[in-house]
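Trainee: I'd like to go through the charged pairs and one helix packing in this model. Can we take them one at a time?

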Amino acid sequence: MLRIHFTPEDLARTRISAAPQPMWEILLSMYRLRGREGGVIFEEWRRSVAQAAHVTTRPLADLAAQSGYAVDFLTPTLRNLSLAEGLEALRRTPKKRLRADLAVLAGSRRLPSWTAGLAEGRPETLIRLAGSVERYFTACLAPYWVRVCGRVEQERARQVKTMTEEGCEALLARVHPTARWNYPVLELDYPVEHELRLNGRGLCLTPSFFCWGLPTTFLDGELEPTLVYPIEHKVGWSGDGATHRPLTSLLGRTRALVLETIGERSGTTTEVASRTKTSLPTASQQAATLRAAGLITSSQNGQSVLHSITPLGLALLAEG
């Protein structure tokens, strides 16, 4: 059982993660990839990435066993990290944190020889590990990242509404099917007995696409208090097709393609035109329409205009 102890100050400081967390999704998706939990929800995704994952997961897989403890430093605690920021934080992990986490891991399994260099904080070993994490994301998550982000954003928006209209305690009572809220303690089912005392720091509630079953958190209670928990899923979320058919019916083929392209990666009008194989005037016109609908934002970037997707755009892609 997991018991999280709150003070009035903790309730005031509890928040919902502002965006999907790629480092957590990387770690938790590895569990889903190598286990059978989630059944039909993740089976199609598992089949589609199995070959690429076999090549790209080492040495990441050495630090994330199929079950049980995974080193805390794989999920850096700085708030709302992008993938690039998470990888940089991983490369800069202090030696003290590396040694402490690896010592815990060594208590439950034999570690491969390369982790000796990791425990010493050797830059080349950290770079190798970060490279493994990035390759895994590129091969196994990047093709689905728009859909992952869209579903997480939908859940986040629902929970923000609950917190705004009903208060933090109402959200805590419903954050997971096993949640039992009785101030000042939130209890949840958990694989082991674990106590987390917030001590005025508040709690970061982090909805996760690849979390399954029970929620998870850091082993080290001194790290930023974080509760990662599963969202609801739809069967067939990883189905193939570069452009979602219902979205095409709603927006039209070209506009849907432009939205999905910007959702996959922000880009200038020229880059969007190139990636969608449309003319520059067409890309500009479609972007203007999407911006007017609140699906993307556009900002000046030197001599160019940079387009980025909004939470509403992500949610629409996920529904599509």
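Trainee: Which residue does arginine 15 meet in a salt bridge?
Mentor: Keep in mind that this is a predicted model. The N to O distance here is 2.4 Å, and the cut-off for a salt bridge is 4 Å. So the pair qualifies, and the partner of arginine 15 is glutamate 224.

Trainee: How far apart in sequence are the parts that this pair ties together?
Mentor: Arginine 15 sits in strand S2 (residues 15-16). Glutamate 224 is in the loop between strand S6 (204-208) and strand S7 (226-230). The salt bridge therefore links parts of the chain separated by 209 residues.

Trainee: Are arginine 15 and glutamate 224 buried or exposed?
Mentor: For a residue to be called buried, its relative accessible area has to be under 20%. Both arginine 15 and glutamate 224 fall in that class, so the word is buried.

Trainee: What about arginine 3 and glutamate 195: which strands does that pair tie together?
Mentor: Their closest N and O atoms are 3.3 Å apart, a salt bridge. Arginine 3 belongs to residues 2-5 and glutamate 195 to residues 194-197, so the pair connects parts 192 residues apart in sequence. Those parts are strands S1 and S5.

Trainee: How do arginine 3 and glutamate 195 count in terms of accessibility?
Mentor: Partly exposed covers the range between under 20% and over 50%. Arginine 3 comes in at 22%, and glutamate 195 at 39%. So both count as partly exposed.

Trainee: Which residues are linked with arginine 3 in a network of salt bridges?
Mentor: Glutamate 195 is one of them, as its salt bridge with arginine 3 suggests. The full network is Arg3, Arg180, Glu187, Asp189, Glu193 and Glu195.

Trainee: In the salt bridge of arginine 46 with glutamate 43, which residue is buried?
Mentor: The two lie in helix H3 (residues 40-56), three residues apart, about one turn of the helix. Glutamate 43 has 23% relative accessibility, so it counts as partly exposed. With a relative accessible area of 4%, the buried one is arginine 46.

Trainee: Now the helices: how are H12 and H14 oriented to each other?
Mentor: The axes of H12 (residues 253-264) and H14 (residues 280-292) come within 10 Å and cross at roughly 80°. Angles of 65 to 115 degrees fall in one class, so H12 and H14 are roughly perpendicular.

Trainee: And how many residues of the contact of H12 with H14 are polar?
Mentor: From H12 come Thr254, Arg255, Val258 and Leu259, and from H14 come Thr282, Gln286, Thr289 and Leu290. Three are nonpolar and one is charged, while the polar ones number four.

Methods
Residues numbered from 1 in each chain as written. Predicted model: local features only at pLDDT ≥ 70, side-chain atom pairs only at ≥ 80, totals over all residues. Heavy atoms only, no water. Salt bridge = Lys/Arg side-chain N within 4 Å of Asp/Glu carboxyl O. Helix = DSSP H or I, 4+ residues; strand = E, 2+ residues; numbered from the N terminus. Buried < 20%, exposed > 50% of the residue type's maximum accessible area, 1.4 Å probe, protein only. Axes fitted to C-alpha atoms, helices over the stretch in contact; angles between N-to-C directions. Parallel < 35°, antiparallel > 145°, perpendicular 65-115°, else oblique. Contact = heavy atoms within 4.5 Å. Nonpolar A, V, L, I, M, F, W, Y, C, P; charged D, E, K, R; others polar.
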